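Hello,

Here is the structure I promised to pass on to you. Have a look at it, and then read on for what turned up in it.

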Amino acid sequence: MRLTRYTDYALRTLIYVGLHEPEQSSIAAIARAYGISENHLNKVVHQLGRLGLIRTIRGRGGGLRLALPPGEIVVGAVVRQTEDDLALVECFGGGACAITAPCRLRRVLGEALAAFLAVLDRYTLADLLGAPDGEAIAALLGLAGPTHGEPPTPDGALRLPDR
């Protein structure tokens, strides 16, 4: 399974904006931090706004903020909403294949895709922003640090939810 660059940028944008909360973020700053095209990022941010994940504030002093708490933004849902095509093979998308009806490969790949998405569904943006990884990412991006993450465990390990 390979995610498109579009989905990658969407997830990275949510991470950046989440780590930068409560301050507003700008498309220019996100593009600079990740070394990606502002034009492409504009399209991504527009869709994230239409999906209700990011709130855009126009005009002087405007910017981007999360529209939902990080714990309500499910990674699997973002992937489903930003990927144009999750068809792993031609027959998933209704394409013609001589062996579609009895083919076990189609069922196996369908099961694998469901498992992939099920794992992503167990995580939210809050999990991605948690300490210590969120703090390390924020430092790499030149941000102050996460405000929504979990405090680090005594051994410094990332604490993920039991799901």
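Seven helices and two strands make up the secondary structure of the chain. If you walk along the sequence, the order is α-α-α-β-β-α-α-α-α, with the two neighbouring β symbols following three α and preceding four more. Please keep in mind that this is a predicted model.

On the chain as a whole: there are 163 residues, and 35% of them are buried. Of the contacts with a separation of 6 or more, 64% are between residues 24 or more positions apart. The exposed surface comes to about 9,400 Å², and 53% of that is supplied by carbon and sulfur atoms.

Now for a detail that you may enjoy finding on screen. The count of aromatic pairs in this model is one. Its partners are Tyr16 and Tyr34, with ring centres 6.4 Å apart; their planes stand at 65 degrees, which is over the 60 that the label requires, so the pair is edge-to-face. Tyr16 belongs to helix H1 (residues 5-20) and Tyr34 to helix H2 (residues 27-34), so the pair links parts of the chain that are 18 residues apart.

Are these two tyrosines, Tyr16 and Tyr34, buried or exposed? Both are buried.

Tyr34 has another neighbour to look for: Arg12 lies over the face of its ring, 4.8 Å from the ring centre. To see this corner of the model, start from Tyr34, then pick out Tyr16 as its ring partner and Arg12 over its face.

Enjoy exploring, and best wishes!

Key:
Residues numbered from 1 in each chain as written. Predicted model: local features only at pLDDT ≥ 70, side-chain atom pairs only at ≥ 80, totals over all residues. Heavy atoms only, no water. Buried < 20%, exposed > 50% of the residue type's maximum accessible area, 1.4 Å probe, protein only. Contact = heavy atoms within 4.5 Å. Areas by Shrake-Rupley, 256 points an atom, 1.4 Å probe, with all protein chains shown as cover. Phe/Tyr/Trp six-rings, centres within 6.5 Å; stacked < 30°, edge-to-face > 60°. Lys NZ or Arg CZ within 6 Å of the ring centre and 35° of its normal.
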